[in-house]
Amino acid sequence: MAQFRLQGSKVLAVDMAGDAVKAKNGAMVAYDGQMQFKKMSGGGEGLRGMVTRRLTGESMEVMEVRGQGTCYFADRASEINLVRLNGEKLYVEASNLLATEATLRTGTTFTGLRGASQGNGLFTTTVEGMGQAAIMSDGPAVVLRVSPGMPLQVDPGAYVAHTGRLQQHFQAGIGWRAMIGESGGESFQIRFEGDGLVYVQPSERNTIGGQV
């Protein structure tokens, strides 16, 4: 089984002993030992996955890395967060997914207006199974707990990923700037309810929702 570990906060080191991982295409920055690299079509899901991603607009270029030794991955000096899955499902924007163990399954799911507000299309990437995934954020991610009766509002541009039994609602919001009479308030928010974890980055990507 491949072993994920962080080399600092911006480089993922994966120790392999003949096994494989799936990673963002072009994210390898160094390796030692013997490695083989293979580009995978449609996010590693074959023809069906490739067609689905083309129809949904969820872009995900993936390569398989297999070998003996250690491979290092990074992307644009982004902060890296390790997520261990024990059978549950991780929802993550394709641009924020760096690598997964080969045993994990990837797919897409409908996000509706939330995805439209982020400018990422109407679908997002899912990762599920037993194993580790590495996700990226612009700055150190904050992991926020959502509990029954304690909903969480998140700016669409700051959202990275979530796990658990969570329901999402896309709602109009009033930012503090609007409340004090200035423009630039957050026009839309994502409301999470249920039981789970939400990963939020301390930097907002440009979104349609934040500009309306």
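At 15% relative accessibility, Ser78 falls under the 20% limit and is therefore classed as buried. In this predicted model, Ser78 is placed in the loop that runs between strand E4 and strand E5, the latter spanning residues 79-92. Once neighbours within four places in sequence are set aside, the contacts of Ser78 are with Ser9, Lys10, Met136 and Ser137.

The loop between E4 and E5 also holds Arg76 and Ala77, and for these two residues the accessibility is of the opposite kind to that of a buried residue. Arg76 has a relative accessibility of 66% and so counts as exposed, and Ala77, with a relative accessible area of 52%, is exposed because that value is over the 50% limit. The backbone of this loop also deserves a remark. Most residues other than glycine have a negative phi. Arg76, although not a glycine, has a positive phi of about 55°, and Ala77, likewise a residue other than glycine, has a positive phi near 55°. With neighbours up to four places away left out, Arg76 is in contact with Lys24 and Ser95. The C-alpha atom of Arg76 is separated by 9.0 Å from that of Ala27, a residue 49 positions away along the chain.

Arg76 and Ser78 reappear in the description of the largest pocket, for which a volume of about 210 Å³ was computed. Eleven residues line this pocket, and those closest to its centre are Arg76, Ser78, Asn96, Asp138 and Gln201. When the lining is sorted by class, it comprises six polar residues, four charged residues and one nonpolar residue.

The interior was examined next. The largest nonpolar core consists of 18 residues, within which Leu12, Phe73 and Leu98 have the most contacts. Two or more residues of this core are given by each of strand E2 (12-24), strand E4 (62-73), strand E6 (97-101) and strand E8 (123-137). Of these elements, E2 supplies the largest share, amounting to five residues. Apart from this core lies another one, made up of twelve residues, including Leu85, Leu97, Leu104 and Val127. The surroundings of Leu12 can be given in more detail: beyond its neighbours within four places in sequence, Leu12 is in contact with Phe4, Arg5 and Leu6, with Cys71, Tyr72 and Phe73, with Ile80 and Leu82, with Leu98 and Ala99, and with Ala134. Among these partners of Leu12 are Phe73 and Leu98, which are named together with Leu12 as the residues having the most contacts inside the largest core.

Not every residue in a strand is buried, as two examples show. Met130, found in strand E8, has a relative accessibility of 54% and therefore counts as exposed. Excluding residues up to four places away in sequence, Met130 nevertheless touches Leu85, Asn86, Gly87, Thr103 and Leu104, and two of the residues touched, Leu85 and Leu104, are among the members of the twelve-residue core. From C-alpha to C-alpha, Met130 and Arg105 are 9.2 Å apart in space, while in sequence they are 25 residues apart. The second example is Gln34, which lies in strand E3 (residues 28-40) and is exposed, because its relative accessible area is 62%. The residues that Gln34 touches, when those up to four places away in sequence are not counted, are Arg66, Gly67 and Gln68. Gln34 and Met16 are 18 residues apart along the chain, and their C-alpha atoms are separated by 9.8 Å.

For the protein chain as a whole, three helices and twelve strands were assigned. Of the 212 residues in the chain, 47% are buried. Among contacts with a separation of 6 or more, 78% are accounted for by residues that are 24 or more positions apart. The accessible surface of the chain comes to about 10500 Å², and carbon and sulfur atoms contribute 52% of this area.

Technical notes
Residues numbered from 1 in each chain as written. Predicted model: local features only at pLDDT ≥ 70, side-chain atom pairs only at ≥ 80, totals over all residues. Heavy atoms only, no water. Core = buried A, V, L, I, M, F, W, Y, C linked by side-chain atoms within 4.5 Å. Buried < 20%, exposed > 50% of the residue type's maximum accessible area, 1.4 Å probe, protein only. Helix = DSSP H or I, 4+ residues; strand = E, 2+ residues; numbered from the N terminus. Contact = heavy atoms within 4.5 Å. Areas by Shrake-Rupley, 256 points an atom, 1.4 Å probe, with all protein chains shown as cover. 1 Å grid on protein atoms, 1.4 Å probe; cavity = no way out; pocket = protein on both sides within 12 Å on 5 of 7 lines; lining within 4 Å. Points joined across faces, edges and corners; volume = space filled by probe spheres on them. Nonpolar A, V, L, I, M, F, W, Y, C, P; charged D, E, K, R; others polar.
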